[in-house]
Structures are given as structure tokens and as C-alpha cells.
Amino acid sequence: VIASGAAALMLTVGLAAQGGRRPASPAGAAATEIGGKYDTSGAEPVYKGGKWIEITYGRPIKRGRDLFGGTGDKYGKAVNPDAPVWRAGANNTTQLNTEVPLVINGKTVAPGTYTMFIDLKPNAWTLILSNWKAQTRYDPSNKNELWGAYEYTPDKDVVRAPMKMTTLPFSVDQLTWEITDMTDTGGNMLIMWDKTAASVPFKVGS
């Protein structure tokens, strides 16, 4: 999991180095480590034996757009104009990598890497974890892996979970995933953009 976070950072740095330009949507990661203990036998405490949960994604900026406006079929078209579901980020597909089982919406998700999407409906978002693999580079001839959410189909869904939606008292300019309210038993996966926040609780399985 650490490696994937480092890869995301290297991708951002590499893109920024091209022509001296920043990427329009830098790579981001939200991670937590659980189940370990601090070893205090040395000069400084060291956390050992932990397992990682990490979300990697692209971080688009609002740039003045009405992100989640519109009604009916027009809702959310500013962020997802033409894919079956939203990639919940930018550029490559958003992914969840977990080293522990997670219980989401009553279903146990085994350790592994999953692609993440959101089915956008007005005031009713649904988080999707899928067994679709993500392309590392865009290849339109590759029909076995996805770039973003293009060509997504629901047959590889692992779990779908309704998201708790709230209106923020401020506007988040750059899309942000976070893991919140974390304990050894579970926490929440939270996405924030503009004044919209949506979250899904999870428990750590056995």
C-alpha cells in the first residue's frame, strides 16, 4: 500500500516536471494503519504490525464549476458527463487497497485492491466497489481494464452501499477523500467536494 501511495506521488511529480507545468488534477491518497502496537523499547516509539487501508485517486479542482447541479438525468454532468458511473476522482480510476477484511453494507470485502465508483443521483449517492481492474495508462483497445469509469459494467460489483450525504458549511475547492472517525473496529470513507460530503461506514472484519 505504501508503494501505491509513493507511485501516486511520483506520478504527480513526474507530470509536473513535464514542461514545468502542474498536473490539472494531481494524484492523491488517503490512508490509515490499524491493528498494530507501539514498541516503546527503543529510543523512539515505533508502530509495528499494522495493516494498511488506502484510497488512491486524482484530485480535480472546482475551477468555478457548478459540480452537482441539474435535475434528473442532468444531475452531476459537470463531473461525469459521459460515463455510466462517476470515477469519484480524476484521470485514472479511484482505487481502494486494503490489507484487512472490511465489512461494508453488511458484506465482507476480502483484502485486496478494488476500483471505486459512485452512482450519482440527487441526494442519493451509492458507493460501488468493483473487481474491474484499472488501467495504468490509457489504452482504448484494452477491454479487460478500465480507465476512469468508461466502459464500466455492474457485473463485477463487489458491494454497493448508500452514502450518507451532508452539506458542508464551507466549500472544498479540490476533491478530497479522507478516512474519518477511525478506531481499531472501523471508520468512515468520506469524499468532499464543493459543499457536498458523502460517506460510507465500514467495520474491520475478521
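**Exercise 1. Determine what share of the protein chain counts as buried, and describe the surface that the chain exposes.**

Solution. In this predicted model, 43% of the 206 residues of the protein chain count as buried. Turning to the surface, the chain exposes about 11200 Å², of which carbon and sulfur atoms supply 52%.

**Exercise 2. Count the helices and strands of the protein chain, and then judge how compact the chain is for its length.**

Solution. The chain has 1 helix and 14 strands. Its radius of gyration is 18 Å, close to the 17 Å that the globule rule gives for 206 residues, so the chain is as compact as a globular protein of that length. Along the principal axes, its C-alpha atoms fill a box of roughly 60 × 45 × 40 Å. Among contacts between residues at least 6 apart in sequence, 59% join residues at least 24 apart.

**Exercise 3. Place Gln-174 in its strand, and decide whether this residue is buried, partly exposed or exposed.**

Solution. Gln-174 belongs to strand 13, which covers residues 164-183. Buried means under 20% relative accessible area and exposed means over 50%; Gln-174, at 22%, therefore counts as partly exposed. Beyond its neighbours within four places in sequence, Gln-174 is in contact with Pro-26, Arg-59, Pro-60, Ile-61, Met-192 and Trp-193. The C-alpha atoms of Gln-174 and Gly-89 are separated by 9.9 Å, although these positions lie 85 residues apart in chain numbering.

**Exercise 4. Characterise the second largest pocket by its volume and its lining.**

Solution. The second largest pocket holds about 270 Å³ of space. Of the 23 residues that line this pocket, Val-79, Arg-87, Gly-89, Ala-90 and Asn-91 are the closest to its centre. By residue class, the lining divides into 15 nonpolar, 4 polar and 4 charged residues.

Terms used: Residues are numbered from 1 along each chain as its sequence is written. This is a predicted model: local features need pLDDT of at least 70, side-chain atom pairs count only at pLDDT 80 or more; totals for chains, interfaces and linings use all residues. Side-chain values use heavy atoms; hydrogens and water are left out. On a 1 Å grid over the protein atoms alone, a cavity is a set of points where a 1.4 Å probe fits but cannot get out, and a pocket is an open set with protein on both sides within 12 Å along at least five of seven lines; lining residues have an atom within 4 Å of a point. Grid points are joined across faces, edges and corners, and a volume is the space filled by probe spheres set on the points. Ala, Val, Leu, Ile, Met, Phe, Trp, Tyr, Cys and Pro count as nonpolar, Asp, Glu, Lys and Arg as charged, and the others, Gly among them, as polar. Helices (H or I, at least four residues) and strands (E, at least two) are DSSP runs, numbered from the N terminus. The radius of gyration is taken over C-alpha atoms; the globule rule is 2.2 Å times the number of residues to the power 0.38. Buried means under 20% relative accessible area, exposed over 50%, partly exposed in between (1.4 Å probe, protein chains only). Contact means heavy atoms within 4.5 Å. Accessible areas come from the Shrake-Rupley method with a 1.4 Å probe; for residues, only the protein chains shown count as cover.
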